[in-house]
Amino acid sequence: EIIPYPHPTLRHVSKPIRRVDQELINIIRSMFDAMYEARGIGLAANQVDLPLRFFIVNLEAERGKGDELVFINPVVSHPKGSEESEEGCLSLPGLYGDVVRPKSIRVNAYSLEGKEVTIDATGMLARVIQHELDHLNGVLFIDKLSEAKQASFRDALDEFEVDFNSRRSTGSVPSDEELTARRTDWENRYCR
Ligand code: CO
């Protein structure tokens, strides 16, 4: 399930993964399903409440089309140029805003098979990689908008907070302590 703003795991800085097992492979498969259902092109692990350093991408947003990319422990370098373009986020449904980012980047990561991959990305791929890497560092695209745009989002963000708090009061979202304990469990299993 994709967690919405302001779920605290969206602000968690994810730790590098040390091992991949069948359970993680199964989780990644269901993440692709969740992403396609939401018509998204990228999804970071902490958007499904996992504190692990990976994200998935498929620019076609559809099963059976395009490439299903998994970036484990990604490192971005060689930023070039600058471009402003509209972004949205599956954790902030309905909100869109222009974000300035480098036009092209290089990303080094591991694939699900444990192979080291280097991709020189530009355009939409470069943008989605940078957006998802931000997630792994606890950063959301709304943090990068102009002040005027941020101000225009204030009511919408308040609404997200009201929704979140009401789901918490009914017990469908665990307490901060419970969420922290769960994240620590995942980190103990995959990050050490
Ligand atoms: Co996002």
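## A helix across the sheet

Helix α2 lies across β1, β2, β3, β6 and β7. Its direction runs at about 120° to that of β7. The model you are looking at is predicted, so every value here is computed from that prediction.

A good residue to find in this helix is His131, which sits in α2, a helix spanning residues 123-136. Is His131 buried or exposed? With a relative accessible area of 7%, below the 20% cut-off, His131 counts as buried. Setting aside neighbours within four places in sequence, His131 is in contact with Glu87, Gly88, Cys89, Arg101 and Phe141.

## The sheet, strand by strand

Now turn to the sheet itself. Five strands form an open sheet, in the order β1-β2-β3-β6-β7, and the pairing is antiparallel. At the edges are β1 (42-44) and β7 (116-122), each of which pairs on one side only. From one strand to the next, the twist averages 40°. As general background, strands of a sheet pair through backbone hydrogen bonds, either parallel or antiparallel.

You can walk through the sheet one pair at a time. Strands β1 and β2 run antiparallel and are joined by three bridges; here Ala44 has Phe55 in β2 as its bridge partner. Next, β2 (residues 54-57) is joined to β3 (residues 69-80) by four bridges, again antiparallel, and Ile56 stands opposite Val70 in β3. Then β3 pairs with β6 (residues 104-110) over five bridges, also in the antiparallel sense. In that pairing, Lys80 meets Ser104 of β6 as its bridge partner.

## Helix α1 and Met31

Helix α1 packs on the sheet too, touching β1, β2 and β3. The direction of α1 makes about 45° with that of β2.

Met31 lies in α1 and is a handy place to see this packing. Met31 is buried, because its relative accessible area is 2%, under the 20% limit. Which residues does Met31 touch, leaving aside neighbours within four places in sequence? The contacts are Leu43, Ala44, Ala45, Val48, Phe54 and Ile56. Ala44 and Ile56 are the bridge-forming residues met above: Ala44 is partnered with Phe55, and Ile56 stands opposite Val70. The C-alpha atoms of Met31 and Glu1 are separated by 8.3 Å, although these residues are 30 apart along the chain.

## The largest nonpolar core

In soluble globular proteins, nonpolar side chains tend to be buried together. Here, the largest nonpolar core has 22 residues, and the members touching the most others are Leu24, Leu50, Leu52, Phe54 and Ile56. Helix α1 (22-37), strands β2 and β3, and helix α5 (176-190) each supply at least two residues of this core. The largest share, eight residues, comes from α1.

Leu50 is worth a closer look. Not counting residues up to four places away in sequence, Leu50 touches Thr9, Ile27, Ala45 and Trp186. Ala45 is also among the contacts of Met31.

## Around the aromatic rings

Trp186, one of the residues touched by Leu50, has a charged neighbour as well. Arg189 lies over the face of Trp186, at 4.9 Å from the ring centre. How many aromatic pairs does the model hold? Counting rings whose centres lie within 6.5 Å, the total comes to four aromatic pairs.

Conventions: Residues are numbered from 1 along each chain as its sequence is written. This is a predicted model: local features need pLDDT of at least 70, side-chain atom pairs count only at pLDDT 80 or more; totals for chains, interfaces and linings use all residues. Side-chain values use heavy atoms; hydrogens and water are left out. Two strands pair if DSSP finds at least two bridges between them. Rings of Phe, Tyr and Trp (its six-membered ring) pair if their centres lie within 6.5 Å; planes under 30 degrees apart count as stacked, over 60 as edge-to-face and the rest as tilted. A charge sits over a ring if NZ of Lys or CZ of Arg is within 6 Å of the ring centre and within 35 degrees of the ring normal. Buried means under 20% relative accessible area, exposed over 50%, partly exposed in between (1.4 Å probe, protein chains only). Contact means heavy atoms within 4.5 Å. A nonpolar core is a set of buried Ala, Val, Leu, Ile, Met, Phe, Trp, Tyr and Cys residues joined through side-chain atoms within 4.5 Å. Axes are lines fitted to C-alpha atoms, for helices over the stretch in contact, and angles run from 0 to 180 degrees between N-to-C directions.
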